[in-house]
Number of protein chains: 2
Amino acid sequence: MKWPEKVTIKEVGPRDGLQNEKSFISTEDKINWINQLSVSGLKYIEITSFVNPKWIPALADALEVANGIQRVEGVTYAALVPNQKGLERAIEANIDEIAVFMSASETHNQKNINKSIQDTIPILREVVQDSLSAGKTVRGYVSTVFGCPYEDSVDIDSVLWISEALFDMGISELSLGDTIGVANPKQVQKLLEMLLRRFPPGKLAMHFHDTRGTALANILASLEMGITNFDSAVAGLGGCPYAPGASGNLATDDLAYMLDGMDIKTGVDQAKLFLAAKFIQEKLDRLLPSHNLQARLTK
Amino acid sequence: MKWPEKVTIKEVGPRDGLQNEKSFISTEDKINWINQLSVSGLKYIEITSFVNPKWIPALADALEVANGIQRVEGVTYAALVPNQKGLERAIEANIDEIAVFMSASETHNQKNINKSIQDTIPILREVVQDSLSAGKTVRGYVSTVFGCPYEDSVDIDSVLWISEALFDMGISELSLGDTIGVANPKQVQKLLEMLLRRFPPGKLAMHFHDTRGTALANILASLEMGITNFDSAVAGLGGCPYAPGASGNLATDDLAYMLDGMDIKTGVDQAKLFLAAKFIQEKLDRLLPSHNLQARLTK
């Protein structure tokens with residue numbers, strides 16, 4: 001077993017973690033929370049989404065949040081952008097990196113973006129080009145890579161050609177999402193074997209959800225394939241708020257715990273991460289899925 | 001990455017899972033539940049503990065449970081035994097395999113067994129000898145192998161000489177316990193490298209708790225070291241009932257989910273396991289930590 005010496009954790013809690021929350025976290029609390037994350041040693045934070053507030057009311061204050069936080073040198077502040085309109089607002093907010101997204105499953109793409117995969121491509125191409133023209137780097141997300149809530153299985157070939165298409169547009173990194181948290185290490189190995197024939201490991205990131213408890217095992221499989229970029233959300237945010245036991249994103253605190261124990265450098269201070277996890281759990285007023293948060297609180 | 005083709009899951013829920021529960025599960029419910037586990041495809045179930053009921057009131061009905069269940073051919077029914085008195089009751093109950101236990105940490109052994117490690121050895125030796133004379137196989141547990149609640153760190157050398165001592169007594173398998181759920185894959189690899197120089201992989205079992213979310217990653221590391229025996233508890237039982245978020249044993253349902261997905265044979269039927277997990281959650285009347293149980297229930 002060989003693992004990288006150093007890993008970059010990309011915090012997606014303020015965006016992927018909050019976007020499905022029914023309770024609105026106040027702009028002030030969001031800013032306070034992101035400021036805590038900024039000084040935790042994290043080098044990358046996706047702070048919000050410039051999606052139409054009609055669709056994601058939880059992040060309706062994207063611009064205020066982006067303008068309100070204290071930016072820390074060395075930290076990249078990213079935001080999700082669905083289209084040209086979103087990009088304009090993100091540029092206005094002086095976001096460092098733009099994230100675009102689509103799905104590897106036709107049905108999920110239709111439900112999520114209201115367009116076919118084929119029709120999504122030219123829209124993203126324009127957003128990527130304009131982002132690059134504005135001097136921004138761009139990150140691409142492919143979701144439902146390991147399974148889809150509406151289709152039986154997701155074709156690896158779809159993932160491959162969509163990845164190719166996104167890199168052709170000019171994205172600098174591709175994040176492969178296990179949106180519904182069904183992946184296992186063998187699936188991860190299989191997919192990465194295919195992708196690593198075409199793209200270097202440093203251009204790929206893995207984005208796991210812990211719905212079935214396999215997220216850290218999938219991280220371990222990815223580490224063994226040479227991957228060094230991982231998305232996660234502090235406190236394990238991102239589950240459906242109406243499903244008490246169903247986990248969301250892999251918890252940043254769980255990821256940092258395992259990597260620290262394995263002597264893989266992340267730069268993240270677990271104690272500071274704990275405070276940020278505790279803060280957002282108090283604001284949401286329910287137990288969040290992070291194992292380490294609960295273990296520390298009940299110690 | 002190489003993994004074994006086949007794995008044996010050793011279900012410890014009725015013993016390790018229930019022993020710390022404050023609410024008493026009725027003898028009838030225990031029997032009903034173990035009968036469900038017996039037809040789930042599991043080949044090994046630790047059904048109870050013949051410890052003084054003064055110390056473990058939750059398992060005070062050990063004999064009635066052992067006599068009440070419907071034994072299924074091909075399933076090994078095991079029970080924990082602390083001393084000669086316990087062994088006599090276990091033999092009376094016609095238990096197939098006897099499990100003895102001690103700790104790799106001096107302080108934990110003192111608190112748990114009320115004796116030093118040195119003083120525990122001769123007692124276990126007698127129990128093992130008498131078990132063998134009675135025609136029983138014996139399994140040994142070493143707990144706090146990766147960390148102790150009372151000591152800063154646990155010495156690998158302690159684990160090694162205790163393992164040696166237990167095999168010398170005549171145990172046929174050794175289960176290495178991460179009692180407080182702190183282990184990471186690197187630690188697992190390091191320990192197993194040492195142990196596998198002395199003992200074949202088929203003689204070792206790993207017993208993980210999921211307190212920090214690392215259990216399945218530790219399983220993956222163990223699989224890569226050639227280990228094929230794993231302990232787990234259906235529904236993730238075994239956490240402290242007063243610490244709602246703190247996970248207990250690795251959930252059998254989570255383990256079976258991952259292994260199935262990796263095409264590693266376990267013989268276990270996930271749908272039947274789900275019913276057994278749901279049954280015990282209803283009896284305990286609180287959310288249990290199994291990810292797959294909650295994911296299936298909220299689907």
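# Reading pairs, cores and a chain contact

Reader: Let me start with Asp61(A) and Lys30(A). Is this pair buried or exposed?

Author: Asp61(A) is buried, and Lys30(A) is buried too. The label applies because each has under 20% relative accessible area. Keep in mind that this is a predicted model.

Reader: What do the side chains of Asp61(A) and Lys30(A) form with each other?

Author: Start with the general idea. Side chains of opposite charge can pair when their charged atoms come close. Now the case here. Asp61(A) and Lys30(A) form a salt bridge, with the closest N and O atoms 2.7 Å apart.

Reader: Where do the two partners lie in chain A?

Author: Asp61(A) is in the loop between strand E2 (44-49) and helix H3 (62-68) of chain A. Lys30(A) is in helix H2 (residues 27-38) of chain A. The pair therefore ties together parts that are 31 residues apart in sequence.

Reader: How many salt bridges are there over all chains?

Author: The count comes to 22 over all chains. Some residues join in a network: Lys10(A), Arg139(A), Glu173(A) and Asp231(A) are linked by salt bridges.

Reader: Let us turn to chain B. Which side chain meets Glu164(B) in a salt bridge?

Author: That of Arg198(B), at 2.8 Å from N to O. Glu164(B) sits in helix H7 of chain B, and Arg198(B) in the loop between H8 and E7 of chain B, so the bridge ties together parts 34 residues apart in sequence.

Reader: How accessible are Glu164(B) and Arg198(B)?

Author: Read the percentages. Glu164(B) has a relative accessible area of 29%, so it is partly exposed. Arg198(B) has 44% relative accessibility, so it counts as partly exposed.

Reader: Now a pair within one helix. Where do Lys278(B) and Glu282(B) lie?

Author: They lie in helix H11 (residues 270-284) of chain B. They are 4 residues apart, about one turn of the helix. Their side chains meet in a salt bridge, 3.6 Å from N to O.

Reader: Why is Lys278(B) labelled partly exposed and Glu282(B) exposed?

Author: The cut-off for exposed is over 50%. Lys278(B) is at 30% relative accessibility, so it counts as partly exposed. Glu282(B) is at 52%, so it counts as exposed.

Reader: Is Arg15(B) buried or exposed?

Author: Arg15(B) is buried, because its relative accessible area is 6%. Its place is in helix H1 (residues 13-17) of chain B.

Reader: Which residues is Arg15(B) in contact with?

Author: Leave aside its neighbours within four places in sequence. Then Arg15(B) is in contact with Glu46(B), Ile47(B), Thr48(B), Ser49(B), Leu59(B), Leu80(B) and Tyr141(B).

Reader: What about rings? How many aromatic pairs does the structure hold?

Author: There are 4 over all chains. For a ring pair, read two values: the distance between centres and the angle between planes. Take Phe146(A) and Phe208(A). Their centres are 6.1 Å apart and their planes at 35°, so the pair is tilted.

Reader: Which parts of chain A does this pair tie together?

Author: Phe146(A) is in the loop between strand E5 (137-143) and helix H7 (156-169) of chain A, and Phe208(A) in strand E7 (residues 204-208) of chain A, so parts 62 residues apart in sequence are tied together. Phe146(A) and Phe208(A) are both buried.

Reader: How are the rings of Phe146(B) and Phe208(B) arranged?

Author: Their planes are at 35° and their centres 6.1 Å apart, so the pair is tilted. Phe146(B) is in the loop between strand E5 (137-143) and helix H7 (156-169) of chain B, and Phe208(B) is in strand E7 (residues 204-208) of chain B, so this pair ties together parts 62 residues apart in sequence. Phe146(B) is buried, as is Phe208(B).

Reader: Last, the contact between chains. How many residues does it take from each chain?

Author: It takes 35 residues from chain B and 35 residues from chain A. The two chains bury about 3,100 Å² between them, with 66% of it on carbon and sulfur atoms. In chain B, Met1(B), Arg212(B) and His291(B) lose the most area to chain A, together 21% of what that side buries.

Reader: What polar and charged links cross the interface?

Author: The rule finds 2 salt bridges between chain B and chain A. One of them joins Lys186(B) to Asp263(A), with the closest N and O atoms 2.9 Å apart. There are also 9 residue pairs in polar contact across the interface.

Reader: Which elements give two or more residues to the side of chain B that touches chain A?

Author: Helix H8 (185-195), helix H9 (215-224), helix H10 (252-261) and helix H12 (291-297) of chain B. H9(B) gives the most, with 5 residues. The residues of that side divide into 17 nonpolar, 12 polar and 6 charged.

Technical notes. Residues are numbered from 1 along each chain as its sequence is written. Chains are lettered from A and ligands numbered from 1 in the order in which they are written. This is a predicted model: local features need pLDDT of at least 70, side-chain atom pairs count only at pLDDT 80 or more; totals for chains, interfaces and linings use all residues. Side-chain values use heavy atoms; hydrogens and water are left out. Contact means heavy atoms within 4.5 Å. Buried area is the accessible area (1.4 Å probe) that two parts lose on being put together, summed over both. A salt bridge is a side-chain nitrogen of Lys or Arg within 4 Å of a carboxyl oxygen of Asp or Glu. A polar contact is a pair of N or O atoms within 3.5 Å; within protein, one must be able to donate a hydrogen and the other to accept it, and residues adjacent in sequence count only if both atoms are side-chain atoms. Ala, Val, Leu, Ile, Met, Phe, Trp, Tyr, Cys and Pro count as nonpolar, Asp, Glu, Lys and Arg as charged, and the others, Gly among them, as polar. Buried means under 20% relative accessible area, exposed over 50%, partly exposed in between (1.4 Å probe, protein chains only). Rings of Phe, Tyr and Trp (its six-membered ring) pair if their centres lie within 6.5 Å; planes under 30 degrees apart count as stacked, over 60 as edge-to-face and the rest as tilted.
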